[in-house]
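Hi,

Here is the structure I promised to pass on. Have a look at it first, and then read my notes underneath.

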Amino acid sequence: MVQDKSIGSRLFDIANCTLLALIGLAAILPFIHVIAGSFTTVAELASKRFVLIPTKWSLDAYRYIFSTNTVFRAMAVSIGVTTLGTAFSMLLTSLMAYGLSRRDLVGRSGIMFMVVFTMLFSGGMIPTFLVVKALWLVDTYAALVVPTAINAFNLIIMRNFFQNLPEGIEESAKIDGSSDWGILFRIVIPLSMPAIATISLFYAVTYWNTYLPAILYLNDAAKWPIQVILRQIVILASGLAADTSGLDDYVRPPEQTIKMAVIVVATLPILIVYPFLQKHFAKGALLGSIKG
Amino acid sequence: MREATAPNTMAAGGKTGSGLMKRIVKNRALYLMILPGFLFFVIFKYVPMGGLVIALQDYQPYQGILNSPWVGLKHFRKLFADPQFFMILRNTLVLFAMNLAFFFPVPIILALMLNEVRNQLFKRTIQTMVYIPHFMSWVIIVSISFVILSMDRGILNELLVMMGFEKINFLMSKEWFRPMYILQIIWREAGWGTIIYLAAMAAIDPGLYEAARMDGAKRLHQIWHITLPSIRNVIVVLLILKLGDVLELGFEHVYLLLNAMNREVAEIFDTYVYTAGLRQGQFSYSTAVGFFKSVVGLILVMAANWLAKKAGEEGIY
């Protein structure tokens with residue numbers, strides 16, 4: 001936009017940017033508060049001097065939460081589910097997306113409709129649970145991955161991406177005698193790394209945040225991922241939530257610092273990975289959103 | 001020269017028997033690629049849809065679908081006669097209306113604001129900050145809220161006391177549930193929601209702004225008369241999709257906030273389905289409830305889509 005130097009315009013800019021700065025801060029302040037609070041002592045928090053920066057540093061809270069197996073175990077489960085789940089989802093999604101991106105495929109629009117329809121209507125919690133049960137997946141780690149393997153939205157994004165690759169590439173490879181598999185693995189995939197990276201990240205975040213499938217399908221507390229443990233400690237231990245099943249490891253309500261430490265642990269991988277990948281996320285959401 | 005003839009087959013309306021079969025066979029590798037995903041959708045999306053029939057039965061797990069007795073609309077009648085039904089319906093509709101009124105405009109306004117920023121570094125910094133909450137699970141969002149809003153040393157109550165006010169029991173009160181719910185949604189999703197609007201705004205012809213400026217239009221006027229109308233169809237599409245989401249969205253979120261104290265305003269269809277179905281084992285009844293909810297959502301989407309088309313906008317189908 002060409003510079004507009006009028007006073008009104010400048011005032012607008014100042015007001016706008018100030019507001020935006022406040023909004024940005026509001027978005028991240030709670031995180032800062034929690035992260036900082038996890039690194040201090042209970043006494044410090046209670047003294048009311050603390051808001052954002054601890055005057056007294058301490059690892060008490062972390063020592064406490066790692067003193068038993070619970071948090072370790074849950075982290076391990078979450079890491080495993082995230083890595084294997086993302087790989088599995090990407091495999092299924094990419095294959096299907098590539099197949100659906102080829103315009104001369106018979107039945108293509110029918111299958112696409114089938115996919116899109118699931119975004120508008122579903123069988124619901126109980127019928128899905130019964131299917132998972134019928135497949136003997138209840139109380140298995142697979143229940144955290146298989147029933148949610150493909151996200152229709154991600155599928156559409158990938159398909160659109162593959163569709164927009166230059167057609168000449170596929171054709172010249174075919175003339176050279178390459179099979180569809182060859183084209184996919186040797187040409188299309190290397191060209192699609194940005195989309196693959198982005199969608200992988202979307203899946204990874206979803207898997208790391210797994211909560212609902214865990215409480216639906218897992219009865220064995222040892223298999224719970226970190227988000228479920230987080231809920232046990234912060235939400236349930238407060239004695240406030242609807243059902244209080246499964247409170248075994250922590251008997252008295254945990255201190256604020258401990259709750260904060262568990263929150264940090266449950267959030268850490270995302271916060272670490274995020275700054276490097278933020279621009280990929282935003283671009284990826286764009287890739288398919290408008291056309292999809 | 002297969003390549004030269006394939007397009008001709010299609011152009012000639014390749015639905016002739018041999019042309020069709022040839023295309024299917026030619027693409028057999030592609031069908032193989034689609035197969036696993038296709039099976040996924042069939043097994044985990046469409047079979048459960050078929051499983052909705054248990055809403056018309058007295059489903060007993062040990063007898064299975066084929067052997068459970070059929071009871072017709074008994075569960076639906078029970079649902080409408082249930083005194084809790086209206087409470088749940090009211091809660092669901094209120095939360096949805098609040099979502100629409102208070103949350104839906106926020107990403108739009110935020111995008112409008114971000115769009116006006118000329119300094120790219122500042123813009124990207126703010127975007128980075130407001131995207132973060134989107135990646136946090138609801139457990140994390142609610143947990144952080146709990147820590148901050150807690151009566152026992154939560155920072156917000158501490159600040160209230162310092163300013164001379166009484167402590168407020170946010171987490172357990174009925175009055176604060178709805179505001180808390182909406183604020184959490186705004187915190188989590190407003191930033192991420194700007195992406196699609198910003199993309200649409202980026203496509204607007206700068207010449208329009210030029211012309212407006214020459215005519216003496218102020219910044220706000222430019223936004224109102226140029227930017228907003230240009231993203232109108234994006235807004236409409238997202239509105240329609242949101243309607244489809246209406247009764248669907250928010251189970252994890254509400255479930256985490258639900259407790260005995262705020263149940264009267266917090267219980268929605270999904271949490272009721274979960275409690276009645278998986279906790280109390282009323283499979284058929286809760287499926288009926290869920291079915292009702294899904295159907296209403298679908299009807300709303302179709303109605304909204306039809307309305308949008310009537311008004312001249314593109315729908316989603």
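Start with the loop between helix 6 (125-134) and helix 7 of chain A, where you'll find A:Trp136. Keep in mind as you look that this is a predicted model. Most residues other than glycine have a negative phi. A:Trp136 goes against that: its phi is positive, near 60°, and it is not a glycine. Is A:Trp136 buried or exposed? It counts as exposed, because it has 10 C-beta neighbours inside 10 Å and the cut-off for exposed is 12 or fewer.

A:Asp139 sits in the loop between helix 6 and helix 7 of chain A too. Its phi is also positive, at about 65°, and again the residue is not a glycine. With 13 other C-beta atoms within 10 Å, A:Asp139 comes out as partly exposed.

Follow the chain on from that loop and you get to helix 7 of chain A, residues 152-163. I checked the length of this helix: its 12 residues should span 16 Å at 1.5 Å a residue, and the end C-alpha atoms are indeed 16 Å apart, so the two agree. Its buried residues are A:Asn154, A:Leu155, A:Ile156, A:Ile157, A:Met158, A:Arg159, A:Phe161 and A:Phe162. Note that A:Arg159 and A:Asn154 are on that list.

Now for chain A as a whole. Its secondary structure comes to 13 helices and 0 strands, so if you read along the sequence you just see α repeated from start to end. Of the 292 residues in chain A, 41% are buried. If you take contacts in chain A between residues at least 6 apart in sequence, 72% of them join residues at least 24 apart.

How far can you trust it? The mean pLDDT of chain A is 84, and 87% of its residues reach 70 or more. Confidence in chain A is highest in helix 4 (residues 69-101), at a mean of 94, and lowest in helix 2 (residues 42-46), at 75. One stretch to treat separately is residues 239-250 of chain A, where pLDDT stays under 50. The model has 22 contacts beyond four places in sequence for that stretch.

On to the domains. Chain A is assigned domain 1 (7-58) and domain 2 (67-289). Between them, 8 residues of domain 1 of chain A are in contact with 7 residues of domain 2 of chain A. On the domain 1 side, the elements giving two or more residues are helix 1 (7-38) and helix 2 of chain A. Helix 1 of chain A has the largest share, 4 residues. By class, that side divides into 4 nonpolar, 4 polar and no charged residues.

Chain B is assigned domain 1 (2-56) and domain 2 (74-310). The C-alpha centres of these two domains of chain B lie 37 Å apart.

How many residues of chain B are in contact with chain A? There are 86, and they meet 86 residues of chain A. On the chain B side, helix 3 (residues 28-51) of chain B gives the largest share, 17 residues. That side has 59 nonpolar, 15 polar and 12 charged residues.

For a charged residue to click on, try B:Glu252, in helix 15 (residues 251-257) of chain B. It counts as buried because 21 other C-beta atoms lie within 10 Å, and the cut-off is 20 or more. Leaving aside neighbours within four places in sequence, B:Glu252 is in contact with A:Tyr211, A:Leu212 and B:Trp138. B:Trp138 is 114 residues away along the chain, yet the two C-alpha atoms are separated by 6.7 Å.

Last, the cores. The largest nonpolar core has 137 residues, and those with the most contacts inside it are A:Leu230, A:Val234, A:Val262, A:Ile263 and B:Val289. Another core, of 6 residues, lies apart from it and includes B:Ile240, B:Leu243, B:Val301 and B:Ala304. Back in the largest core, A:Ile263 is a good one to zoom in on. Not counting residues up to four places away in sequence, A:Ile263 touches A:Val34, A:Leu230 and A:Val234 from chain A, and B:Ile140, B:Ser143, B:Ile144 and B:Val147 from chain B.

Cheers

Technical notes:
Residues are numbered from 1 along each chain as its sequence is written. Chains are lettered from A and ligands numbered from 1 in the order in which they are written. This is a predicted model: local features need pLDDT of at least 70, side-chain atom pairs count only at pLDDT 80 or more; totals for chains, interfaces and linings use all residues. pLDDT is the predictor's confidence in each residue, from 0 to 100. Two residues are in contact if their C-beta atoms, placed from the backbone, lie within 7 Å. Ala, Val, Leu, Ile, Met, Phe, Trp, Tyr, Cys and Pro count as nonpolar, Asp, Glu, Lys and Arg as charged, and the others, Gly among them, as polar. Domain bounds come from an automatic or database domain assignment. The expected span of a helix is 1.5 Å times one less than its number of residues. A nonpolar core is a set of buried Ala, Val, Leu, Ile, Met, Phe, Trp, Tyr and Cys residues joined through C-beta atoms within 7 Å.
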